[in-house]
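Ready for a few warm-up exercises? Have a look at the model below, then try each task before you read its solution.

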Amino acid sequence: MTDEQSKVSQDMVVGLEYTLRLDDGEVVDTSTGRGPLQFLQGHGHIIPGLEKELYGLGVGDGKAIVVSAAEGYGPRKPNAVQEFPRDAFPEGVEIQSGMAVQLTDQSGHPHMAFVQELRQETVLLDLNHPLAGETLHFDVEVVSLREATEEELAHGHVH
Ligand code: ZN
């Protein structure tokens, strides 16, 4: 390995252990017990505010990274809270406040939403990402690094 290859750089496959906390210290996501996240650096597979802070780290390097909502999951959008008729939901499903439902958008992609409120005839769904508007506090450690294969680069993701 050359010096450059031993640091996180464009097109490297990075193995990352991470813990994500919110402002109040609540852990909302962690790789602990699941194994490191593997991704192709520089391809937007992870949120931009995290990806840009990883450049130059080597295996074994840890870093505390604070990511603003703007560089994380974006601001909460008030217009992403929308009313849906109750009969749009499959029968037999008991809809409860806070539950996650999966919608399909016009292009056929799945999209998670959360039930915010039950009304007489309708259900108010929040289509914001659950971490929208949050400042994200990451503790990360790079645990592996390798060059991507040509096939991985052509596909734009890790195999
Ligand atoms: Zn592929």
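**Exercise 1: a serine and its surroundings**

S31 has a relative accessible area of 1%, so it counts as buried. Keep in mind that this is a predicted model.

Task: find where S31 sits and which residues it touches, leaving out those up to four places away in sequence.

Solution:
- Step 1. Look between β2 (27-30) and β3 (37-40): S31 is in the loop there.
- Step 2. Skip residues up to four places away in sequence, and the contacts of S31 are L16, E17, Y18 and P36.

**Exercise 2: the zinc ion**

Task: name the protein donors of the zinc ion, then decide whether H155 and H157 are buried, partly exposed or exposed.

Solution:
- Step 1. The zinc ion has H155 (ND1), H157 (NE2) and H159 (NE2) as its protein donors, at 1.9 to 2.2 Å.
- Step 2. Along the sequence, these donor residues follow the spacing H-x1-H-x1-H.
- Step 3. Partly exposed lies between the cut-offs of 20% and 50%. H155 has 45% relative accessibility, so it is partly exposed. H157, with a relative accessible area of 35%, is partly exposed too.

**Exercise 3: an open sheet**

Task: work out the strand order of the four-stranded open sheet, and why β5 and β6 each have one side without a neighbour.

Solution:
- Step 1. The order reads β5-β8-β7-β6, and the pairing is antiparallel.
- Step 2. β5 (81-85) and β6 (100-104) are at the edges with a single partner strand each, so one side of each has no neighbour in the sheet.
- Step 3. On average, neighbouring strands here are turned by 45° against each other, direction ignored.
- Step 4. Now zoom in on β5: it pairs with β8 (residues 122-126) over five bridges, in the antiparallel sense. Q82 is opposite L125 in β8.

Methods:
Residues numbered from 1 in each chain as written. Predicted model: local features only at pLDDT ≥ 70, side-chain atom pairs only at ≥ 80, totals over all residues. Heavy atoms only, no water. Helix = DSSP H or I, 4+ residues; strand = E, 2+ residues; numbered from the N terminus. Buried < 20%, exposed > 50% of the residue type's maximum accessible area, 1.4 Å probe, protein only. Contact = heavy atoms within 4.5 Å. Donors = N, O, S within 2.8 Å, 3.2 Å for Na, K, Ca; no water. Pairing = 2+ DSSP bridges. Axes fitted to C-alpha atoms, helices over the stretch in contact; angles between N-to-C directions.
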